[in-house]
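Subject: Structure handover

Hello,

Here is the structure for you to look through. My notes on the strands and the charged pairs follow below it.

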Amino acid sequence: MPWVELLPSDAVGPGEVRRVETSATDAVGLDLVVWRTGDGRPVVCDARCPHTWTHLGFEGVVDRDELVCTAHFWRFDAQGVGSKVNVLGRRDPKGDIRTYPVREEAGTVVVDLPAPTAVDP
Ligand code: FES
């Protein structure tokens with residue numbers, strides 16, 4: 001699938017989470033979020049938390065290099081690996097979230113989305 005322009009780079013700053021929906025002409029009509037790690041790298045992942053489907057465009061906050069779902073505090077790194085840190089500091093594995101290859105070109109965040117799959121009529 002060709003790389004698809006998602007949004008201007010300056011539309012998602014450090015610590016911000018932006019909701020982006022792709023159209024069916026871009027790929028398969030995905031609900032995504034874009035956020036940046038502490039050192040400014042863009043990350044694109046599915047918008048829905050794999051726990052109970054909370055929308056990370058509304059309930060997600062960036063904590064250094066992780067996106068945290070504030071519903072129940074699962075957190076996801078830039079590769080989508082999920083975990084939760086308990087009150088004693090122990091980190092337990094949780095469900096992962098899908099991430100997508102992303103880069104920035106000429107002031108735009110672009111992402112490599114999956115090709116649409118054939119649907120039976
Ligand atoms: S819905 Fe995201 S942690 Fe529970």
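**Hairpins**

Strands β7 and β8 make a hairpin, with five residues between them. In its turn, Gly-80 has a positive phi of about 90°. Bear in mind that this is a predicted model.

The two strands of that hairpin are short. β7 covers residues 75-76 and β8 covers residues 82-85. They pair in the antiparallel sense, over two bridges. To find the register, start at Phe-76: its bridge partner in β8 is Gly-82.

β8 then pairs again. Its partner is β9, residues 91-93, and the sense is antiparallel over three bridges. Here Val-85 has Arg-91 of β9 as its bridge partner. β8 and β9 also form a hairpin, with five residues between the strands. Gly-89 in this hairpin takes a positive phi near 95°.

**The four-stranded sheet**

Now turn to another group of strands. An open sheet has four strands in the order β2-β3-β4-β10, and the pairing is antiparallel. β2 (17-21) and β10 (99-100) stand at the edges. Each has a single partner strand, so one side of each is left without a neighbour in the sheet.

β2 is joined to β3, residues 31-36, by five bridges, and the two run antiparallel. One point to check on screen is Glu-21, whose bridge partner in β3 is Asp-31.

**Salt bridges**

How many salt bridges does a search of the whole structure find? The count is eleven. Three of them are described here.

Take Arg-36 and Glu-104. They form a salt bridge, with the closest N and O atoms 2.8 Å apart. Arg-36 lies in β3 and Glu-104 in β11 (residues 102-105), so the pair ties together parts that are 68 residues apart in sequence. Is Arg-36 buried or exposed? Arg-36 counts as buried, at 7% relative accessibility. Glu-104 counts as partly exposed, at 36%.

Next, Arg-75 and Asp-63. This salt bridge has its closest N and O atoms 3.0 Å apart. The pair links distant parts of the chain, twelve residues apart: Arg-75 is in β7, and Asp-63 is in β5 (residues 60-63). Arg-75 has 15% relative accessibility and counts as buried. Asp-63 has 26% and counts as partly exposed.

Then Glu-66 and Arg-91. Their closest N and O atoms are 2.7 Å apart, in another salt bridge. Glu-66 lies in β6 (residues 66-69) and Arg-91 in β9, so parts that are 25 residues apart in sequence are tied together by the pair. Glu-66 is buried, with a relative accessible area of 12%. Arg-91 is partly exposed, at 44%.

**The network**

Which residues are linked in a network of salt bridges? They are Asp-63, Arg-64, Glu-66, Arg-75 and Arg-91. Two members bring us back to the hairpins. Arg-75 is in β7, and β7 forms a hairpin with β8. Arg-91 is in β9, where it is the bridge partner of Val-85.

For a quick tour, begin at Gly-80 in the turn between β7 and β8. Go on to Gly-89 in the hairpin of β8 and β9. Then look at Arg-91 with its salt-bridge partner Glu-66, and finish at Arg-36 with Glu-104.

Best wishes

Technical notes: Residues are numbered from 1 along each chain as its sequence is written. This is a predicted model: local features need pLDDT of at least 70, side-chain atom pairs count only at pLDDT 80 or more; totals for chains, interfaces and linings use all residues. Side-chain values use heavy atoms; hydrogens and water are left out. Two strands pair if DSSP finds at least two bridges between them. A salt bridge is a side-chain nitrogen of Lys or Arg within 4 Å of a carboxyl oxygen of Asp or Glu. Buried means under 20% relative accessible area, exposed over 50%, partly exposed in between (1.4 Å probe, protein chains only).
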